[in-house]
Amino acid sequence: PGAPRHTNRLINEKSPYLLQHAHNPVDWYPWGQEAFEKAKRENKVIFLSVGYSTCHWCHVMEEESFKSKEIGEIMNKHFVCIKVDREERPDVDKVYMTFVQATSGGGGWPMSVWLTPDLKPFAGGTYFPPEDRFHRIGFRTVLLRIAEQWEENKDALLESSHRILEALRQTSEIHVRGQESPPPSKVVMDTCFQQLSRSYDEDYGGFSQSPKFPTPVNLNFLFTYWALHRTTPEGARALQMALHTLKMMAHGGIHDHIGQGFHRYSTDQHWHVPHFEKMLYDQGQLAVVYSRAFQISGDEFFADVARDILLYVSRDLSDQSGGFYSAEDADSYPTATSGEKREGAFCVWEAKELRALLPDPVEGAREGTTLGDVFMHHYGVKETGNVDPMQDPHQELKGKNVLIAQCSPELTAAKFGLELGRLDALLQECRHRLATARAQRPRPHLDTKMLAAWNGLMISGFAQAGAALAEQGYVHRAAQAAAFLRTHLFDPTSGRLLRSCYRGKDNSVEQSAMPIQGFLEDYVFVIQALFDLYEASLEQGWLEWALHLQHMQDKLFWDPKGFAYFSNEAGDPSLLLRLKGDQDGAEPTANSVTVTNLLRAACYSGHMDWVEKAGQILAAFSERLQKIPIALPEMARATAIFHHTLKQVVICGDPQGEDTNEMLHCVRSVFSPNKVLMLADGDSAGFLYHQLPFLASLERKDGKATAYLCSNFTCSLPVTSVQELRGMLSP
């Protein structure tokens, strides 16, 4: 293609999503004062479009509408048009998504909202087709109608926007009512378990029919529920629900069997046909969940899936500076000469393609059996394609196959008369060949933005997997990423986190001219990551930084009147609402995770105000936790940790000693949701001894590494055997 015909001011931005729209004929502005002042000066409606760079329907709307010269002219004539990357500015996204969900009953991206010049929303939706079709109003029609209404009924629109905003302000407020205390843990946990149990899919796992999301928050809740009820039928069911879901996901098409990692969600009940984008936040959380499944079950299957996720992230989502990229797109060009992108093109296969790649006869199998026969049977490949047309509305996957492990290895081995070990080796060889062939295809777009919050989730993934699987390389990778955060997304002068940085030219790390300050979720996920990294590495510097960030989070986001934390700090006049997230979704909401962070921080510092804060958050969300805890499974889990009190597991020993490492390995190999681990290495000048003077009174027994189980800084009798320690760790 020649030089672009149009270039707008988004060309000066760093966000990959904004840069995707820099050559639209639309006169786009980034979110900021220049656009707001123009709207006021010219008395124009603002059209706000919010999305992200790996969003399939965002690409569709751009192709159909934002690249249209005619629609661009209408937009430029009647509106001031603003583009926002929701991953850079979750605060802006949340305010207007709250409006869209309240007024339309749905939400999603691209989000399209019309605002008065003082930023109050009065109309909104998500994707619009360019022209009226079937029962859907077209984007051009909406633009012209709103422009006409603004000319003729401006006062009514202004009045309406004012009313809507006031209603949103009241309904979105979360605060403590009267003398409310934290809700009873048993009620919250039992209700959440029952609600999950009712929505559970007995056949395929997961908690809905379709679409099906991985929702790690549900699985983490079930593991904690099991740990506290392991001798009851309910506990057994909680564990069965979680492990079955994880197995079905790993066998399904949502799992990339050739390139590793997990796609964002399944469009069907069977985890078969995914929406093909891959998000960093999913990989981080799923690495943790599969590692915990291995801790609990001892089944290497789960450990292998955790390793598979971390291989994908290390290879495809890692910057050479140590940070992690945000996402890979769903859409790509089928071949180097293709004119248009298709969803899933990088990942799907035709049967004839597989036969050509896997023609070798298989020795020892039935006569005439080829590698292709074995592989295609195991992964459910059909000559005419295995995608149900109902899951493929645009016929992009017609004749294609999404790989799904249809049979157990035992059944496939029996069908072809092979030994299990031989089948594993054959399938591995097939996957390797397919990976080599796939590497020749045009890759999907990679969003090389690096976000503090999502890097935090991924650091937790590497650190927890490293601890549970006893893989020091993963712990090292987590430490490398934490060092990246400290270098590129932390301002040592102000002591504050930044939200994002970007891969620049020559693979350098760049920052925007006006860096975006960190939001609550950045602090919460990074603090969680640093606690996880301390427990995996026992490097006290990570602990010290985590506690510093917790103090800063309190200062910037705490609501002293209504309790809990606001999602963004005060003082930005362009944000009409200061919200508190109240739903654990694809990512847990920040207030949910921070309850456990605060309890861990108190254990490592002796700063008991943090325990009080944790209780105040639970009190602020008390009504929701008692009525619909399924909306907040991570916070429901935290109520149990709050009520059961975290146990401090202190190992006194030489960090290099074999006996110390045996004890540390024992602690890390057991899933125990209400413990924190610390090493008392005898260095009385160290940070931990300074924070917790009681450690100085703990001694090694008979010169051996010794474990103590402490609660509120009061410790049990010492134990020196791994068996006794394992018994102590069971709730």
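**Exercise 1.** Decide whether His-378 in this predicted model is buried or exposed, and then describe its surroundings.

*Solution.* The relative accessible area of His-378 is 5%, and because a residue counts as buried when this value is under 20%, His-378 is buried. The next step is to place the residue in the chain: His-378 belongs to helix α14, which covers residues 371-378. Leaving aside residues up to four places away in sequence, we then find that His-378 is in contact with Ile-404, Ala-405, Gln-406, Cys-407, Ser-408, Pro-409, Thr-412 and Leu-427. A final step compares sequence with space, where Ser-494 serves as the partner: the two residues are separated by 116 residues in sequence, and their C-alpha atoms are 56 Å apart.

**Exercise 2.** Work out which residues of the largest nonpolar core touch the most other members, and which helix gives the most to this core.

*Solution.* The largest nonpolar core holds 187 residues, and those that touch the most other members are Met-75, Trp-114, Phe-139, Phe-223, Tyr-290, Ile-651 and Leu-725. Helix α19, residues 520-537, gives the most to this core, namely 12 residues. Turning to domains, we see that domain 1 (10-172) and domain 3 (648-729) each provide at least three residues of this core. Met-75 can now be examined by itself: not counting residues up to four places away in sequence, its contacts are Val-26, Trp-28, Phe-47, Phe-66, Cys-81, Phe-139 and Leu-143. Separate from this core there is a second one of 28 residues, with Val-50, Val-84, Val-92 and Tyr-96 among them.

**Exercise 3.** Find how many cavities of 30 Å³ or more the whole structure contains, and state which residues lie closest to the centre of the largest cavity.

*Solution.* The search of the whole structure gives four cavities of 30 Å³ or more, and the largest cavity has about 670 Å³ of space. Its lining is made of 36 residues, of which Val-288, Arg-292, Gln-464, Asp-532 and Arg-600 are the closest to the centre. As a last step we ask about the elements around it, and those that each supply at least two lining residues include α11 (280-297), α17 (452-468), α19 and α21 (590-605).

**Exercise 4.** Determine which element supplies the largest share of the lining of the second largest pocket.

*Solution.* We begin with the volume of this pocket, which is about 1,000 Å³. Of its 38 lining residues, Trp-31, Gly-32, Arg-89, Ile-516 and Asp-572 are the closest to the centre. The elements that contribute two or more residues to this lining are α2 (33-42) and β3 (79-85), and the largest share, four residues, comes from α2.

Methods:
Residues numbered from 1 in each chain as written. Predicted model: local features only at pLDDT ≥ 70, side-chain atom pairs only at ≥ 80, totals over all residues. Heavy atoms only, no water. Buried < 20%, exposed > 50% of the residue type's maximum accessible area, 1.4 Å probe, protein only. Contact = heavy atoms within 4.5 Å. Core = buried A, V, L, I, M, F, W, Y, C linked by side-chain atoms within 4.5 Å. Domains from an automatic or database assignment. 1 Å grid on protein atoms, 1.4 Å probe; cavity = no way out; pocket = protein on both sides within 12 Å on 5 of 7 lines; lining within 4 Å. Points joined across faces, edges and corners; volume = space filled by probe spheres on them.
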